[in-house]
Amino acid sequence: MLTSVVVTSPSQSVVAGQTVQLTGTPRDQNGNAISASVSWASSVPAVASVSQSGLVTTVAAGVTTITATATAGSKSVQGSIGVTVTALPVLTSVSVSAPATTLVVGGTLQVTGTPKDQNGAAIAATVTYASSATGVASVSASGLVTAVVAGTATITATAASGATSVSSTLLITVTAAPVLTSVSLSTPPASLSVGATTQLTASTKDQFGAAFSATVSWSSSASGVASVSSTGLVSGVSLGTATITASATSGGVTVNSSVQITVAVVPLASVTISAPSTSALLGNTIQLSAVAKDQNGAVISATITWASSATGTASVGASSGLVTGVAAGSATITATAVANGVTVTNTVVITITAAPVLTSVTISASSSSVVVGSTLQFTASPKDQFGNSIASTLTWSSSVLAKATISNTGLVTGVAAGTSNISVSATAGGVTVASAPTTITVNNAFPATASVDATTSLTFSPSSVDIVVGGSVTWNFQTLHNVTFAFAPGVPANIPNTSSGLVGRSFNTAGTFNYQCTLHPGMNGVVIVH
C-alpha cells in the first residue's frame, strides 16, 4: 500500500539558468519502492519551475519548495525538497598584488590582477595592465613591471568580462641603484714606534649610507717611514710621518680616504708574560713567552731576558724563556724588557711538584663471601702520594687455594667451603706495595640440613630435598608412616613405623636416594646429596 514518496536531488543549490533532475520514489509501509504515478509542482515558479518529469529549471535567485505527489488508486501522498537558486557570478572587482612595491632601477617585479565576483570568489576575466608613468616604470601585458628611472608610477590592472570592466591600482616606487660613494678609516694611534704595527680597517658605503661591497687597496706616501700591507696592517719603519690611503673601487667608481701616521720613539710601557701552565712535574718544562708594548698597547721591538728567583727549584733559559723543574717548590720567573733606554719587568710564579710515586693499593669487592663454583670480582686501586690513581702492574694472591683461587684480573672462584685471604701487590716505577688482606668466606652451594613433613594427607613434603655431602635430613612424622630407602651406595638406615616426632638421617655419600612409605603406596620422596 502506498504510504510515502521520497524526493531526492543531486544538489539543493543551483545557479540561476541551470537545471537539476529530481527523483520521486513511491514507497509502501515497509519502505519498499512501488509503482505509482508522480506529479510535480513548485511553490515559487518565479524562482524555479518543474516539469512533470521532475526536471527543475532555475529562473532567478531565491528559495522554492518542489513537491512530488504520488497517486496509486484513491491513495495520494506528497514529499518535498527545498531548492536554493543563487545568482549568476558577475565580475565586480579586481585585486592587485605584488611581492614588493619598491624596485631598484633596472629591476623587475611581477604584478598580479585577480578578478572576483560579487561573493569575493575568483572569476574568469581578461586582465590588462597599464603604467601611469612608463618613463619611471613600464609594465608588460602579463603584468611584469620594469624599473626605468627613480620615481613613482601607478600600475593599473583592469579586468573585463562582457560589458563589465573594473580596475585597481598599485603604487610602485623606483629607487636609484646603490653606488659606492665613501670609504672611511679607523682611527690610528697618536704615534707608532719603529718596529710596531697597527691594523687599519676601511668601511665602504653607498649613497644611502648602507654598507657596500668594494675592493680596497692600500698605499703609503712614505713607505720608508710607515709601510702598509694589502690588508691595512701598518708597520713603523723609521722616524717621520706618512699618509696611509685606502682606495675603494666598485663599478668603475673609486673613492679614497687617508690618515696620517707618525712614527716616533714611543717609550716602552709594559711586558706581558704568557704561560701555558704555571705548574710542572719535576724534570718537565714550561715554555714562557713575553711581548713588549708601548703606552698605546701596540707591540714594539724590545730585548727580553729571563731570570729565576730560585734556580734550585726552577731554572729558566735567559733568552729562551724555557722553564725546567729542578726540585719541588715555587720560583718567581721574571721577564725583563729593554727598549730605547727604558726597562720594564713582569713576573709569574711557577710551582714544581714531585713526580707521582706509588704509595698504596687497596682492594674491594661487592661481597665478602662466594658460593662454591661461583665467582666474585675484586678491584684494586693503586694511588700515588697525592691520593691520585696511578697506573700499576697488579699481582693477585689467595692464601688458601684449596678454598678459593684468584685470576690475574682479580676474579675469585670458590673451590670448597672455608675461608681464604685475598690480597694484591702493585708495582709502578720500580716501587712495589701490597694491600691489606681481605678475608672471604666460601659457602657450599647447597644446605647442610633439610626437613621433610610426613603428613596426614599421605605425602612427603617437600617430596625432594637437596643437601651437601655430610648433611642430614629430619623427618617430622604427623601420623603413622615409615621411611624405606631404595638400595644405593651410602644409603642410611630405614626409619621404622613412626606415628609422631622427629627422626633424622645423615648422608655421607653423594648421590640420589629414593625412599617411600611402605604403609601407603604412592607416598614417595627423594634426597639428592651434592
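This report walks through one sheet in the structure and the strands that build it. Keep in mind that you're looking at a predicted model.

Let's start with the overall layout. The sheet is open and has 4 strands, lined up as β2-β9-β8-β5, with mixed pairing. As a bit of background, strands in a sheet pair through backbone hydrogen bonds, and they can do that either parallel or antiparallel.

What happens at the edges? β2 (13-15) and β5 (37-42) each have a single partner strand, so one side of each has no neighbour in the sheet. The sheet isn't flat like a board either: on average, neighbouring strands are turned by 30° against each other, direction ignored.

Now for the pairs themselves. β8 covers residues 62-72 and β9 covers residues 75-86, and the two pair in the antiparallel sense over 11 bridges. Between β8 and β9 sits a hairpin with 2 residues between the strands, where Gly73 takes a positive phi near 65°. On its other side, β9 meets β2: these two run parallel and are joined by 3 bridges.

If you'd like to find some of these contacts in the structure, here are a few residues and their partners in β9.

| Residue | Partner in β9 |
|---|---|
| Ser13 | Thr84 |
| Thr64 | Val83 |
| Ala68 | Gly79 |

So which residue is the bridge partner of Ser13 in β9? That's Thr84.

Methods
Residues numbered from 1 in each chain as written. Predicted model: local features only at pLDDT ≥ 70, side-chain atom pairs only at ≥ 80, totals over all residues. Heavy atoms only, no water. Pairing = 2+ DSSP bridges. Axes fitted to C-alpha atoms, helices over the stretch in contact; angles between N-to-C directions.
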